[in-house]
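Me: I'd like a close look at a single part of this protein, with enough of its surroundings to place it. Pick one spot, talk me through it slowly, and then work outwards.

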Amino acid sequence: MKVCFVAPYAYTLFNSSRHFPFGGLEVQAHILATGLAAHQGFDVNFVVFDHGQAESEEIAGVTVTKYRPTKFRPATNFLWPSMLGKGIATSTGRVLSLRRKWATRPIYHAIMAVQSVIDASRALRLSLGTLLEWLAYPRLWEGGLSVYYQHPNRVETYRNINADIYIGFGASELMAELAAFCNSSKKKFILFGASDSDFDDSYVPHSNIRNYYGCRGGHCYFSLVSADHIVVQNDLQEKAAREHFGQQATIILNPIDLSLQPNAERPRAERDVIFWIGKADIVKQPLLVFEIAKACPDLHFLMVVNPNRPEIEEKIATQQPGNVEILQKISRADVPAALERSILLLNTSLFEGFSNAMLEAFRAGTPVVSLTADPNNVIETWGCGRILNGDFAGMVAAVRSLVADEPTWKSASDAARAYVARHHATDVIVDQLIGVIGQVLEEAAGLRPLQA
């Protein structure tokens, strides 16, 4: 059985000498791929971006293949902001509201048409270059073309791998392209949700409204409804997949490598930092950590801030308090050690799927203080830290309380270890993935009813 994972930003996890930013999606994909490769009967491939490495490498039992080199940038590669401008979140809601009433629906379709013209005009030069590359790959025309195809080098890479099943992560234009390839090539496609935002009800057919990451809503919708099976991280995502996209999803929790578990529990007295890790963007809200640090000048904070938005990076550089140490990169191998020396992990995200940083913290016995995100109510139910439900002042107080109260900290630390060992061990999660793969193949062979 040949299985191909597609998570292009994950190459650093296979080759630590390349320091390219990665996130929880990439960590999840890497653990699943290497875990699946350890099982007999699976030929596991993994597609990544070109970082100057060999075209194909065998790493940890996985065949890691880079996208074929391209002369031109993709025509649709982050050519926004669109006509919606910087107020994209607010504008998106206003525009979509026009679609819900028959009297204003023509206005909605007119806006979408104008947006298409704007996007096309901005992308014209790159589109011409991309067309020349399409013409250089005549074999691609054999399976037919799709409006969701963006660049021939990616489609050619998928075709050359010729897997039985392709596994992608997150609703996006890249995944819409992969879904279109699988549809035209009679391949099976499993899509993992990477965040609660992947199942936004603003994703509707043919929408040109772009999300925060620059992906068109219509493409995100297509990637979701075209999947042969959807895997989600929590109950909220399962409900959204069913209600908004008509997909019966399977909940598979994110895996964690428990072999990294320290031989002895690191006591509170040997921990000396408050830890935060994430992207420099408005979703992760790294600047809130500065406010916590200012309110706790006697504590030392360590932040790993992956570059993302220049305007936020500039504020971080100019507003950094004296008790905050900032790293712009950290190797995957160094994350467990960083959390083992941490008193707490802070999570300031507006939303999460199931944060891999949280799992790493739980493995290390590090309680989590989270402003908003509590996937499957784990923090509240198991007592692995504190969830503040958006109360920033309460978050500052929770940090102070857990740092000062060692018995309460110890209780949260023990609960975190117990939870992750019971629910997130890699071998358990990989077995669940194998079950989903088997289900997809049985449905394809007519051995079980298709999902409603």
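Reply: Let's fix one term before anything else: a residue counts as buried when its relative accessible area is under 20%. Keep in mind, too, that this is a predicted model.

The spot I'd pick is A415, which sits in helix α16, residues 406-423. Its relative accessible area is 14%, so A415 is buried. What does A415 touch, once residues up to four places away in sequence are set aside? The list is W382, G383 and C384. F362 is worth a look as well: A415 and F362 are 53 residues apart along the chain, yet their C-alpha atoms are separated by 8.2 Å. A415 has plenty of company in being buried, as 54% of the 452 residues in the protein chain fall in that class. Reaching across the sequence is also common here: take the contacts between residues at least 6 apart, and 66% of them join residues at least 24 apart.

For a second buried position, go to I316 in helix α11, which covers residues 310-319. I316 comes out at 6% relative accessibility, so it is buried by the cut-off above. Leaving out residues up to four places away in sequence, I316 touches A280, P286, L287, F290, V305 and I326. One of these, V305, is 11 residues away from I316 along the chain, with 9.2 Å between the two C-alpha atoms.

From there we can move on to helix α10, residues 287-295, which packs against helix α15, residues 392-404. Their axes are 10 Å apart, at an angle of about 55°, so α10 and α15 are oblique to each other. The crossing is right-handed. On the α10 side the contact is made by L288, E291, I292 and A295, and on the α15 side by F392, M395, V396, V399 and R400. Sorted by class, that gives seven nonpolar residues, two charged and no polar.

Helices α6 (residues 152-161) and α7 (residues 173-185) are a useful pair to put beside that one. Their axes come within 11 Å and cross at roughly 45°, so this pair is oblique as well. The crossing of α6 and α7 is right-handed. α6 brings R154, V155, Y158 and R159 to the contact, while α7 brings L174, E177, L178, F181 and S185. Here the classes are five nonpolar, one polar and three charged.

Now for the wider frame. The protein chain has 17 helices and 14 strands. Eight strands form an open sheet with mixed pairing, in the order β3-β4-β2-β1-β5-β6-β7-β8. At its edges are β3 (56-59) and β8 (250-251), each pairing on one side only. β3 runs antiparallel to β4, residues 62-66, and four bridges join the two. If you want one position to look for there, E57 stands opposite V64 in β4.

Helix α17, residues 426-444, packs on this sheet. The strands α17 touches are β1 (2-6), β5 (165-169), β6 (188-192), β7 (229-232) and the edge strand β8. The direction of α17 makes about 145° with that of β6.

Key
Residues are numbered from 1 along each chain as its sequence is written. This is a predicted model: local features need pLDDT of at least 70, side-chain atom pairs count only at pLDDT 80 or more; totals for chains, interfaces and linings use all residues. Side-chain values use heavy atoms; hydrogens and water are left out. Two strands pair if DSSP finds at least two bridges between them. Contact means heavy atoms within 4.5 Å. Axes are lines fitted to C-alpha atoms, for helices over the stretch in contact, and angles run from 0 to 180 degrees between N-to-C directions. Angles under 35 degrees count as roughly parallel, over 145 as roughly antiparallel, 65 to 115 as roughly perpendicular and the rest as oblique. A crossing is left-handed if the near helix is turned anticlockwise from the far one by less than a right angle, and right-handed if clockwise. Ala, Val, Leu, Ile, Met, Phe, Trp, Tyr, Cys and Pro count as nonpolar, Asp, Glu, Lys and Arg as charged, and the others, Gly among them, as polar. Buried means under 20% relative accessible area, exposed over 50%, partly exposed in between (1.4 Å probe, protein chains only).
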